[in-house]
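Please open the model in your viewer with side chains displayed as sticks, and follow the stops below in order.

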Amino acid sequence: MKTLMIGFISLFISLSGLAQDNTVKTATILVKGNCEECKERIENAADIKGVKISSWDEKTQILTVTYKSDKVSLVQIEKAIAVSGHDAADIKAGDASYKKLPSCCKYRDRACEPK
């Protein structure tokens with residue numbers, strides 16, 4: 001009986017470990033930027049608690065982010081990016097944050113110019 005009980009407990013634990021985590025979501029966010037320096041800043045800004053992976057594409061201006069929805073929301077991620085100086089979805093970066101960007105990264109003023 002003891003062996004049977006241990007077997008059932010082991011089976012239950014192993015099956016519960018295979019359960020899919022429904023809180024992990026992947027979404028895309030339009031984030032304005034110009035260059036590789038912007039890419040690094042945007043991805044670092046999106047790296048907050050609950051975010052698993054983020055990747056920004058310079059050409060499409062799209063950030064793909066995988067996050068745990070029970071830990072962080074898309075709006076929180078967008079706000080964190082806006083604080084870094086980049087407009088994210090409907091959240092516009094503050095003027096003070098935008099002005100701190102290197103001249104190459106000032107996407108509102110012009111496209112990135114070669115150095």
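Is lysine 39 buried, partly exposed or exposed? In this predicted model, lysine 39 counts as partly exposed, at 21% relative accessibility. Keep lysine 39 selected and add glutamate 43, since the two side chains meet in a salt bridge with an N to O distance of 2.7 Å. Both residues lie in helix α2, and because they are four residues apart there, about one helical turn separates them. Glutamate 43 has a relative accessible area of 18% and is therefore buried, the cut-off for that class being under 20%.

Next, stay in helix α2, which covers residues 36-45, and select arginine 41 together with glutamate 37, which form a salt bridge whose closest N and O atoms are 3.6 Å apart. Here too the partners are four residues apart in the helix, so that about one helical turn lies between them. Glutamate 37, at 32% relative accessibility, counts as partly exposed.

For the last stop, select arginine 108 and aspartate 87, whose side chains meet in a salt bridge at 2.6 Å, N to O. This pair links distant parts of the chain, 21 residues apart: arginine 108 sits in the segment after α4 (95-99), and aspartate 87 in the loop between α3 (74-83) and α4. Arginine 108 counts as partly exposed at 30% relative accessibility, whereas aspartate 87, at 14%, counts as buried. Now add Asp95 to the selection: salt bridges with shared partners join Asp87, Asp95 and Arg108 into one network. The count of salt bridges comes to four.

Key
Residues are numbered from 1 along each chain as its sequence is written. This is a predicted model: local features need pLDDT of at least 70, side-chain atom pairs count only at pLDDT 80 or more; totals for chains, interfaces and linings use all residues. Side-chain values use heavy atoms; hydrogens and water are left out. Helices (H or I, at least four residues) and strands (E, at least two) are DSSP runs, numbered from the N terminus. Buried means under 20% relative accessible area, exposed over 50%, partly exposed in between (1.4 Å probe, protein chains only).
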